[in-house]
Amino acid sequence: MNLIKGFATTFKHVLEEPVTLQYPEQMKPFAERFKGRHHLRRYDNGLEKCIGCALCAAACPADAIWVEAAENSDEQRFSPGERYAKTYEINMLRCIFCGYCEDACPTQAIELGHEHQMSFTDRRDAIYTKTMLIDPVPEGADGTPREVEPGVFTRAIPDMPDAK
Amino acid sequence: MAIPVKDDTKLVTVKIDDKEYQVPAGANLVDLAKWYADNDIPVFCYHPKLEPVGMCRMCLVELGSIMRDRETGDVVLDDNGEPTVRWFPKLQTACTQTASDGMVVRTNTEAVDETRENVLEFLLTSHPLDCPICDKGGECPLQNLTMEHGPQESRMIYSDKMHLQKHVPLGDLIFLDRERCIQCARCVRFQDELVGDAVLGFHERGRRLQIITSSDPGFDTYFSGNTTDICPVGALTTADFRFGARPWEMTEIPSISPWDAAGENISLSMRLDRDFGGRAMIKRVMPRQNEYVNELWISDKTRFGHHFTRSLDRLVEPMVSFGDKLTDQSWNDAYKAAVTALEGASGDVAAIAGGAISNEDLWELRQLVEGLGGSRLGAWPPTHGGADLVAEVGVGQDTNLKELGAGDAILVVASDLEEEVPIWRLRLKRAQDRGAYLVVANARPTRMEEFALDTQRNDKPVEGAAVRYAPGEAAAAISDLKSSNKDVYDRLADATNLVVVAGADGLDLDGNKALMQACANLLIETDHVGKANNGLMSPIPGPNGMGLHYLGYTPEVTQDIVANPPKVLIVAQAEPAEDDPTATEWLSKVDTVITLSLFPDRTTSYASIVLPIQSFAERDGTFVNGERRVQRFYTAQGPLGEAVPAWKILTTIREKLGQGRAKLSAAAVMLEITKNVDVFAEMRYKNLSQVTRQFPEIGGDDLYYGGTAYQNRGGLGIQIPSAADSGKVKAGKVASVKATKASKGELIALPITELYNRSNAFMPSGLVHARVAVPYVTLSSSDADDLGLVDGDLVEVSFEGGAVRVRATVGDVPAGVALLPQHLTDEPTPIVPTVVTLSKIAQPVLA
């Protein structure tokens, strides 16, 4: 009798839809607030949001972020304010994806996205540089650095409306 | 200022927040609350080194005094038997109050808290919120005090803030952000009161009040960087550091200024940098407090001149010439070549060392030369000769120039202190403000003379006198002061304390030695030796001019080496061929020149072996400053290329020559010095790095008060006692000096010093280039007429060993003399008074 009971359970499950996903061909949808790999955002006009203030680096509990700042000029403009990040690097081996950098950012320049598939065969590959982190230039906008009319960007931190 | 207390200070009782303190009468309330009661009264406009003005209203406190009966003078008691306090009806600014008996202060009441909150809210109504990108963010008094005392939220509309210019260059070195300025006037007052270059001012009124510079070029002073330190907000920032790093990201390494005899204590702010190969580099140079040496200030040369430490022009590989060309070699081969050359000299080895080399290097070099049987150790440049007299009758133990004041006197002879040792000029000018009698003697006008002749500053009468002597007659002018200028002599003789600064401006070595002896005699005759705040100082070039003397290097020997060149000459961190046009001649007579150099230069082109050394930033060491204070500097930056500290090169060569085991650290070398040189007996590194509490307290939590000058964690240094400190000294004979004579049609060129110049070490600091003078020669109007020259003419100045093309300027100099600044032209110019001829160069007329 027990034998039949056991087989009944087995056969019941054979007919059920399997829960196993064929990763990586198939992927589960992410929660909206999942914290994956970082993105450096741009404004709609293509300028970088990051002002190189290094508050993300200061907030980082894993000491994974390295920022070096430099000054914008109207001939070589990266961001709307006075200052931009000349070097921006995140060591993904150190990063614990806590999102403190996102919280610390005064311009919402850094955001944690949904990418999570990061594997490295070399420690150096784990260091994501600014070019790897920054979003592509929006369609129709100019890239950075760019030359702008003098007198347009005079504020230290831009009052520009958020692109979102 | 009467903090810290001395034995004779009158003490009064002051009650702060219900606790009684014994404090010096007349001390500032903010200072004493901090020093004695550990009570930080917040301030923006008040600074312990500046006169109080009570402008920012941040320091308001409740103030009262204990009531006394008018007739009996007894304290009036209330019903509980406690003394009755008469309170001011309104709050008072603490910074404008001085301690008096029976003073009662409350800083912890609701009224005080509310006022602090209101003042901050008011300041923030027009202050931008760009702290994330502000260079001051993180060490900003406004930020800190807002967090501590400010309102929790703003009642103002953010978009309604004042918008002013954010990027105003005040000169080439300092940027002004008009929005951030809170109008405390610290910078204006620093320039007016302390420096005496009144180049900043307020413009317009009310909310539009702003800082402007009134000089051309803008912010024309040698001390501009200090205003960025004392600015309580990020309104003034340096062009050098701008956005270089955040303050919390940097590591502070204590160091000593590598430029002049003052030995300013500095702090090197280090951070790793991608552009420097991911290694630590100097991001900025900040002052480090040493109340005996530089207080809280450094000169702009020290602050902005650090770029040579990582210059691409630096020597990074040893070079040896096997035929006629220097080629890069490994250290092994370079050592081998050096050992072979030294062994082949059969004892005819001599050394010349510059003033920027550390004591450890000098000791190893001396051991090397003496170990080989040589004895000649020369100091470069051979112009300043009085180091032995500074060792004898130099300023006494515990001298502090900031204690000079009313009743004291200062004599500055043959020195342009502003250009030679800016910090001494700042502190001595300050002493004059406090009432010291300043006498300046020179053959030409100098900045210090302007101060001596000024009769009033900041609404206070100041006293001084100027003596002009004929060129080259400095020693006679001082020896004959008693007969020729009795008034001045009497005032110097009768002064409570007398400090004499004697240099070599417009003199050769003999002239300088005679002058130093005359000054020493003056001090001995008038009994101004062997006690604190009395004695002799000399602006010997380089940070270690006195170290050269104590370790046995003299300019006389340099002259001997020049006259009788040795077989092998070691030139250690000196650039004779860059300084002196005649050096090429005697250098070529030496068989083998071995140089220990930072840069490839004219001298290294005469060398067969060139060994790259490390700069002050890359290594440990000690310097002896002009007040004979031995001070220690620490390793901050990684080495550049293959460069090695000079002591290490020398100790390795010594080992290879069989002179014992090589030493492993600078500390070990210093330990050996302490055992062998008496005056250094106490100077172990451990002792040199000791620190005591200093007034005013700065740094850390006290940023709001003293600015961003750094707390001293590297040591105050130890002063070597002068001979007069430990016993009697006798006056010596002043040698008569043979004056340089010029025949008709010739002039005598007096070499003068410019602080900003085109020397190899200063050139890599590109930011300051704009401030380096166009090469010029100054001559009297009569000579200019004779030669048919007018201001701005291009002239060729020819002298023994070369010629330079410079602009002629007509100025207040004696006839027959031309002032020719050193290190402004690419070619060397004379280092001692020299006969020159001037010829005008016709220029094409521009259409």
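The following conversation asks how some of the labels given to this predicted model are justified.

Visitor: Why is A:Phe7 called partly exposed?

Guide: The relative accessibility of A:Phe7 is 47%, and because the class called partly exposed lies between 20% and 50%, A:Phe7 falls within that class. The residue belongs to helix 1 (residues 2-15) of chain A, and A:Phe7 also helps to make a nonpolar surface patch of about 900 Å², together with A:Met1, A:Leu3, A:Ile4, A:Phe11, A:Val14 and A:Leu15.

Visitor: What makes the contact of A:Arg41 with A:Glu111 a salt bridge?

Guide: The closest N and O atoms of A:Arg41 and A:Glu111 are 2.7 Å apart, and since the cut-off for a salt bridge is 4 Å, the pair qualifies as one. A:Arg41 sits in the loop between strand 1 (38-40) and helix 2 (55-59) of chain A, while A:Glu111 belongs to strand 4 (residues 110-112) of chain A, so the pair ties together parts that are 70 residues apart in sequence.

Visitor: Why is A:Glu111 called buried, and why is A:Arg41 called partly exposed?

Guide: A:Glu111 has 11% relative accessibility and is therefore classed as buried, the limit being under 20%, whereas A:Arg41, at 22% relative accessibility, counts as partly exposed.

Visitor: How do you know that A:Arg83 and B:Asp135 form a salt bridge, and what does the pair join?

Guide: The closest N and O atoms of A:Arg83 and B:Asp135 are 3.9 Å apart, which is within the 4 Å limit. A:Arg83 lies in strand 3 (residues 83-91) of chain A and B:Asp135 in the loop between helix 2 (110-124) and helix 3 (141-149) of chain B, so the pair joins two chains. A:Arg83 is buried, with a relative accessible area of 1%, and B:Asp135 is buried as well, with 6%.

Visitor: What makes B:Ala414 notable in its backbone, and is the residue buried or exposed?

Guide: B:Ala414 has a positive phi of about 50 degrees although it is not a glycine, and its place is in the loop between strand 19 (409-413) and helix 10 (417-420) of chain B. With a relative accessible area of 0%, B:Ala414 is buried. B:Asn458, which is not a glycine either, has a positive phi of about 50 degrees, but with a relative accessible area of 38% B:Asn458 is partly exposed.

Visitor: Why is strand 36 of chain B called mostly covered?

Guide: Five of the five residues of strand 36 (residues 817-821) are buried, and buried means under 20% relative accessible area. B:Val817, B:Leu819 and B:Pro821 point one way from strand 36 of chain B and B:Ala818 and B:Leu820 the other way.

Visitor: How do you know that strand 36 of chain B pairs with strand 32 of chain B and with strand 33 of chain B?

Guide: Pairing calls for at least two bridges. Strand 32 (residues 747-752) of chain B has five bridges with strand 36 of chain B, in the parallel sense, and B:Ile748 stands opposite B:Val817. Strand 33 (residues 776-779) of chain B has two bridges with strand 36 of chain B, in the antiparallel sense, and here B:Leu779 stands opposite B:Ala818, so that both pairs meet the requirement.

How values were computed. Residues are numbered from 1 along each chain as its sequence is written. Chains are lettered from A and ligands numbered from 1 in the order in which they are written. This is a predicted model: local features need pLDDT of at least 70, side-chain atom pairs count only at pLDDT 80 or more; totals for chains, interfaces and linings use all residues. Side-chain values use heavy atoms; hydrogens and water are left out. Patches are made of residues with over 30% relative accessible area and no salt bridge: like charges are joined within 9 Å, nonpolar side chains (Val, Leu, Ile, Met, Phe, Trp, Tyr) within 5 Å. Accessible areas come from the Shrake-Rupley method with a 1.4 Å probe; for residues, only the protein chains shown count as cover. A salt bridge is a side-chain nitrogen of Lys or Arg within 4 Å of a carboxyl oxygen of Asp or Glu. Helices (H or I, at least four residues) and strands (E, at least two) are DSSP runs, numbered from the N terminus. Buried means under 20% relative accessible area, exposed over 50%, partly exposed in between (1.4 Å probe, protein chains only).
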